[in-house]
Amino acid sequence: MAKSSSIDKRKNKNFVINNRFFLKQYALKNYSIFGQGIIVVNLLLLQIDILEEQDLNNYEESIGQQDPSVHQPISYIPKQNFWFKMLSLKIKKKYQIDIQAEDNYQKKFLVVFIKDASIEHFSIYSLKL
């Protein structure tokens, strides 16, 4: 019997593989507007497994003028945002990776999957461009 954490990891990896085109498009578009940042996928709020361009557009429209937050299904969190700093500390503590270091951003974006409301359980993946 497989552990639930290994099933979660496989599901998240499959999500990145299945949606890499749209995630890259989303990351590049937001990078050109906001600069460095991370893509956050809140699994508690996301209801679908495969994204389409219209889904990302709907998420962007529903956000409107709100600040990017981890309390949205999919969001791009810029480096100067409070949530970026919060996630950066949690990633550094859990994975010993400093995502604020410049060399960690060359030709890749980080995708963070949030699995609980307290952001204690999450996984990270990098998207190479």
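Which residue in β2 is the bridge partner of I38? In the predicted model, that partner is I77. The strands concerned are β1, residues 37-42, and β2, which are antiparallel to each other and are joined by five bridges.

These strands belong to a chain of 129 residues. Its secondary structure consists of four helices and four strands, and the elements follow one another from the N terminus in the order α-α-β-α-β-α-β-β.

The four strands form an open sheet, in which the order is β2-β1-β3-β4 and the pairing is mixed. The edge positions are taken by β2, residues 74-78, and by β4; each has a single partner strand, so one side of each lacks a neighbour in the sheet. From one strand to the next, the twist averages 25°.

Two helices are described here in relation to this sheet. Helix α2, residues 20-34, packs on the sheet and touches β1, β2, β3 and β4. The direction of α2 makes about 35° with that of β2. Helix α4 lies across β1, β2, β3 and β4 and runs at about 100° to β4. Residues 82-95 make up α4.

The count of salt bridges in the model comes to one. The pair consists of K90 and E120, with the closest N and O atoms 2.8 Å apart. This salt bridge links distant parts of the chain, as the two residues are 30 residues apart. K90 is located in helix α4, whereas E120 lies in the loop between β3, residues 108-114, and β4, residues 122-128. The relative accessibility of E120 is 45%, and E120 is therefore classed as partly exposed, a class that lies between the limits of 20% for buried and 50% for exposed residues.

For the protein chain as a whole, 41% of the 129 residues count as buried. The accessible surface comes to about 7,900 Å², and carbon and sulfur atoms account for 53% of this area. Contacts were also considered by sequence separation. Among those between residues at least 6 apart in sequence, 62% join residues at least 24 apart.

Note on methods:
Residues numbered from 1 in each chain as written. Predicted model: local features only at pLDDT ≥ 70, side-chain atom pairs only at ≥ 80, totals over all residues. Heavy atoms only, no water. Salt bridge = Lys/Arg side-chain N within 4 Å of Asp/Glu carboxyl O. Buried < 20%, exposed > 50% of the residue type's maximum accessible area, 1.4 Å probe, protein only. Contact = heavy atoms within 4.5 Å. Areas by Shrake-Rupley, 256 points an atom, 1.4 Å probe, with all protein chains shown as cover. Pairing = 2+ DSSP bridges. Axes fitted to C-alpha atoms, helices over the stretch in contact; angles between N-to-C directions.
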